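User: I have a model open and want to go through it piece by piece. Can you take my questions as they come?
Analyst: Go ahead.

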Amino acid sequence: MATYLVLLQKGAPRNSDRAVFIADQFAWVAFLFPAFWLLAKRLWLPGIAVFLCQGLITIGSGMPGAALAGLLAELALRLLVALEGPAFHARRLEARGHTLEAIIPAPDLATAEEIYGAAVDQPVQNVSEPLMKLSPDAASSRRASGPSLGLFDSYGSR
């Protein structure tokens with residue numbers, strides 16, 4: 001089951017057709033064609049950087065005795081893009097003015113859209129109390145920064 005990130009443009013209504021669903025899972029196309037996948041998602045600088053790195057790896061692996069190192073470096077680069085590419089895409093959209101509206105676990109995109117549509121159709125209750133209260137120590141130690149490369153999140157702890 002995948003987790004889908006739902007992003008909306010600022011000011012757009014919740015029931016807008018402009019909601020962007022991003023599957024936060026391994027992207028096979030990004031693994032097979034990392035630079036082209038990044039460029040297709042309009043991630044220009046990472047796409048160019050990956051393209052140049054792939055070129056350098058190809059040139060370097062042609063040296064005697066460096067074939068295995070080149071293969072491992074290429075595999076590591078492809079895995080990084082395939083695993084973190086959707087997070088890069090979501091960050092780019094957030095930088096362009098989208099806001100994270102929901103995180104929906106669903107087996108496929110159609111189910112995620114259906115769950116989001118059902119949640120949007122329900123009226124929003126005005127709740128003055130938060131669902132979970134944080135202790136003063138936990139609230140003061142929370143940081144605004146996100147996880148490093150999206151792999152692990154400390155949730156404010158050290």
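**Patch, cores and one ion pair**

Analyst: Helix H1 (28-32) and helix H3 (44-61) each supply at least two residues of the nonpolar patch. Helices here (H or I, at least four residues) and strands (E, at least two) are DSSP runs, numbered from the N terminus. This is a predicted model, in which local features need pLDDT of at least 70, side-chain atom pairs count only at pLDDT 80 or more, and totals for chains, interfaces and linings use all residues. Residues are numbered from 1 along each chain as its sequence is written, and side-chain values use heavy atoms, with hydrogens and water left out.

User: Which residues form the nonpolar patch on the surface?
Analyst: Val29, Leu32, Phe33, Phe36, Trp44, Ile48, Phe51 and Leu52, with about 870 Å² of accessible area together. Patches are made of residues with over 30% relative accessible area and no salt bridge; like charges are joined within 9 Å, and nonpolar side chains (Val, Leu, Ile, Met, Phe, Trp, Tyr) within 5 Å. Accessible areas come from the Shrake-Rupley method with a 1.4 Å probe, and for residues only the protein chains shown count as cover.

User: Which helix gives the most to it?
Analyst: H3, with four residues.

User: Is Phe36 buried or exposed?
Analyst: Phenylalanine 36, in helix H2, counts as exposed because its relative accessibility is 55%. Buried means under 20% relative accessible area, exposed over 50%, and partly exposed in between (1.4 Å probe, protein chains only). The C-alpha atoms of phenylalanine 36 and isoleucine 48 are 9.1 Å apart, with their positions twelve residues apart along the chain counted as separation.

User: And Leu32?
Analyst: Leucine 32 is in helix H1 and counts as partly exposed, at 46% relative accessibility.

User: Now the inside. Which residues make up the largest nonpolar core?
Analyst: There are twelve: Ala27, Ala30, Phe31, Ala35, Trp37, Leu38, Leu43, Val50, Ile57, Leu77, Val81 and Ala82. H1, helix H2 (34-40), H3 and H4 each supply at least two residues of this core. Another core lies apart from it, with eleven residues, among them Tyr4, Leu8, Tyr116 and Val120. A nonpolar core is a set of buried Ala, Val, Leu, Ile, Met, Phe, Trp, Tyr and Cys residues joined through side-chain atoms within 4.5 Å. In soluble globular proteins, nonpolar side chains tend to be buried together.

User: What does Leu38 touch?
Analyst: Not counting residues up to four places away in sequence, leucine 38 touches Leu43, Pro46, Gly47, Val50 and Val81. Contact means heavy atoms within 4.5 Å.

User: Switching to charges. How many salt bridges are there?
Analyst: The count comes to one, where a salt bridge is a side-chain nitrogen of Lys or Arg within 4 Å of a carboxyl oxygen of Asp or Glu. Glutamate 74 and arginine 78 form it through their side chains, at 2.8 Å, N to O. Side chains of opposite charge can pair when their charged atoms come close.

User: Where do those two sit along the helix?
Analyst: Glutamate 74 and arginine 78 are four residues apart in helix H4, so about one helical turn separates them. H4 covers residues 67-95.

User: Are they buried or exposed?
Analyst: Glutamate 74 is buried, with a relative accessible area of 15%. Arginine 78 is partly exposed, at 22%.

User: What else is Arg78 in contact with?
Analyst: Leaving out residues up to four places away in sequence, arginine 78 touches Ala30, Phe31, Leu32, Phe33, Pro34 and Gln54. Its C-alpha is 5.0 Å from that of phenylalanine 31, although the two are 47 residues apart in sequence. Glutamate 74, with the same kind of neighbours left aside, is in contact with Gln54 and Ile57.

User: Anything odd in the backbone?
Analyst: Arginine 42 has a positive phi of about 65 degrees although it is not a glycine. Arginine 42 is in the loop between H2 and H3 and counts as exposed, at 52% relative accessibility.

User: Last one, the overall layout. What pattern does the protein follow along the sequence?
Analyst: The order is β-β-α-α-α-α-β-α-α, with six helices and three strands. Of the 158 residues, 28% count as buried. The accessible surface comes to about 11,100 Å², of which 63% belongs to carbon and sulfur atoms.
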